[in-house]
Amino acid sequence: MSVADVDKIDGIAMDNKDDRRLILLITDHLDWAEEYEHLLQLQNKINAYIDFLESEQYKDTYPEIQFATYCIEIHFRYEITLNCIKFLDTINKQLSINNILIEVIVL
């Protein structure tokens, strides 16, 4: 699974430091040669994760837990671009209202 698989959740887990925080993983293996298309794929994947959270589909995995916060953790294989940083900052501001945070890890 990866950023290209919009209909799949790459990974899901409870935070081992905070059991009221749900972490969803996105694995992004794409380089930035086609930056616009890459950002579009990333946006589609993030939107799918937001839909997953809003529809509470995570309750299939964690039916008894009431989460307070949600984290979409994106693992990038390649260093992200300035446009990607701006894009993710904008999304983080919008999602913070719903207790959703995007965290970035570059491998």
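The following exchange examines how several descriptions of this predicted model are justified.

Biologist: What makes strand E1 and strand E4 edge strands of the sheet?

Modeller: The sheet is open, with four strands in the order E1-E2-E3-E4 and mixed pairing. Strand E1 (11-14) and strand E4 (100-106) each have a single partner strand, so one side of each lacks a neighbour in the sheet. On average, neighbouring strands of this sheet are turned by 25 degrees against each other, direction ignored.

Biologist: How do you know that E3 and E4 pair, and in which sense?

Modeller: Two strands count as paired when there are at least two bridges between them. Strand E3 (residues 69-76) and E4 have seven bridges, in the parallel sense; the criterion is therefore met. Within E4, Leu101 stands opposite Cys71.

Biologist: Which helices lie across these strands, and at what angles do they run?

Modeller: Helix H1 (residues 35-54) lies across E1, strand E2 (21-28), E3 and E4, and runs at about 155 degrees to E2. Helix H2 (residues 82-95) lies across E3 and E4, running at about 155 degrees to E4.

Biologist: Why is Leu53 called buried?

Modeller: The term requires a relative accessible area under 20%. Leu53 has a relative accessibility of 7%, so the residue qualifies as buried. Leu53 belongs to helix H1. Leaving aside residues up to four places away in sequence, Leu53 touches Leu22, Leu24, Tyr58, Tyr70 and Ile100.

Biologist: How far is Leu53 from Gln94 in sequence and in space?

Modeller: The two residues are 41 residues apart in sequence, and their C-alpha atoms are 15 Å apart in space.

Biologist: Why is the pair of Tyr62 and Phe67 called edge-to-face?

Modeller: A pair of aromatic rings is described by the distance of the centres and the angle of the planes. Pairing requires centres within 6.5 Å, and edge-to-face requires planes over 60 degrees apart. For Tyr62 and Phe67 the centres are 5.7 Å apart and the planes stand at 85 degrees, so both conditions are satisfied and the pair is edge-to-face. The structure holds five aromatic pairs.

Biologist: What makes Tyr62 and Phe67 buried rather than exposed?

Modeller: The relative accessible area is 16% for Tyr62 and 7% for Phe67. Both values fall under 20%, so both residues are classed as buried.

Biologist: Which residues form the aromatic cluster?

Modeller: One aromatic cluster is formed by Tyr58, Tyr62, Phe67 and Tyr70. Tyr58 and Tyr70 are also among the residues that Leu53 touches.

Conventions: Residues numbered from 1 in each chain as written. Predicted model: local features only at pLDDT ≥ 70, side-chain atom pairs only at ≥ 80, totals over all residues. Heavy atoms only, no water. Helix = DSSP H or I, 4+ residues; strand = E, 2+ residues; numbered from the N terminus. Axes fitted to C-alpha atoms, helices over the stretch in contact; angles between N-to-C directions. Contact = heavy atoms within 4.5 Å. Buried < 20%, exposed > 50% of the residue type's maximum accessible area, 1.4 Å probe, protein only. Phe/Tyr/Trp six-rings, centres within 6.5 Å; stacked < 30°, edge-to-face > 60°.
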